[in-house]
Amino acid sequence: MGMNDSFLQCISALCGMELSSGRKYGVFDEKTAVAEGHGGVVGYTQSSVRLCWGRGVLEIRGSGLCLKCIDGKCAVVTGKIKSVEICDV
């Protein structure tokens with residue numbers, strides 16, 4: 001098992017969801033957002049985290065946002081999540 005596999009298993013256990021290599025996201029208890037298959041960070045403030053999402057951008061909005069962990073496959077954002085939107089570029 002590679003490092004990325006163990007990372008995904010750890011995040012899976014914390015969030016209670018099975019992660020794969022596809023592009024998807026989930027929000028849990030309005031406190032944690034997990035994005036799989038992103039292409040990197042486009043922008044990051046305490047009120048908005050923007051991730052490259054295919055040909056668009058996945059924008060997580062809220063307050064007190066913190067990019068807890070990120071690797072080439074998965075990003076975890078915590079704080080008060082108010083909305084998640086996929087925007088065209």
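Strands, in the description that follows, are DSSP runs of E of at least two residues, numbered from the N terminus. By that convention, isoleucine 60 belongs to strand β5. The model under discussion is a predicted one.

Isoleucine 60 offers a convenient point of entry. Its relative accessibility is 2%, and because buried means under 20%, the residue counts as buried. Leaving out residues up to four places away in sequence, isoleucine 60 touches Ala33, Ser47, Ser48, Val49, Leu65, Val77, Ile81, Ser83 and Val84. A further spatial relation links isoleucine 60 with isoleucine 86: the two are 26 residues apart along the chain, and their C-alpha atoms are separated by 8.9 Å.

Isoleucine 60 is also one of the residues of the largest nonpolar core, which has 12 residues in all and includes Ala33, Val49, Leu65, Val77 and Ile81. Two or more residues of this core are given by each of β2 (32–36), β4 (48–53), β5 (56–70) and β6 (74–88). The largest share, 4 residues, comes from β5. Another core member, isoleucine 81, has contacts with Val27, Glu30, Lys31, Thr32, Ala33, Ile60, Arg61 and Leu65, once its neighbours within four places in sequence are left aside.

The contact between isoleucine 81 and Glu30 directs attention to the loop between β1 (24–28) and β2, where glutamate 30 is placed. Beyond residues up to four places away in sequence, glutamate 30 touches Gly79, Lys80 and Ile81. Glutamate 30 and glycine 79 are 49 residues apart in sequence, yet their C-alpha atoms are 7.9 Å apart in space.

The strand pairing gives the framework around β5. β4 and β5 pair in the antiparallel sense over 6 bridges, and leucine 51 stands opposite leucine 58 of β5. Both leucines are members of the nonpolar core. The two strands form a hairpin with 2 residues between them, and glycine 54 in the turn has a positive phi of about 65°. On the other pairing, β5 and β6 are antiparallel over 12 bridges, and a hairpin joins them through 3 residues. Within this pair, arginine 61 stands opposite serine 83 in β6.

Arginine 61 leads from pairing to charge. Side chains of opposite charge can pair when their charged atoms come close. The whole structure contains 3 salt bridges. In one of them, arginine 61 meets glutamate 59, with the closest N and O atoms 3.0 Å apart. Arginine 61 is partly exposed, at a relative accessible area of 36%, whereas glutamate 59 is buried, at 10%. Arginine 61 also forms a salt bridge with glutamate 85, the closest N and O atoms being 4.0 Å apart. This pair links distant parts of the chain, with glutamate 85 in strand β6 and arginine 61 in strand β5, 24 residues apart. Shared partners join Glu59, Arg61 and Glu85 into one network of salt bridges. Glutamate 85 itself is partly exposed, at 36% relative accessibility.

A salt bridge outside this trio joins the side chains of lysine 24 and glutamate 36, at 4.0 Å from N to O. Lysine 24 lies in strand β1 and glutamate 36 in strand β2, so the pair ties together parts that are 12 residues apart in sequence. Lysine 24 is partly exposed at 34% relative accessibility, while glutamate 36 is buried at 0%.

Technical notes:
Residues are numbered from 1 along each chain as its sequence is written. This is a predicted model: local features need pLDDT of at least 70, side-chain atom pairs count only at pLDDT 80 or more; totals for chains, interfaces and linings use all residues. Side-chain values use heavy atoms; hydrogens and water are left out. A nonpolar core is a set of buried Ala, Val, Leu, Ile, Met, Phe, Trp, Tyr and Cys residues joined through side-chain atoms within 4.5 Å. Buried means under 20% relative accessible area, exposed over 50%, partly exposed in between (1.4 Å probe, protein chains only). Contact means heavy atoms within 4.5 Å. Two strands pair if DSSP finds at least two bridges between them.
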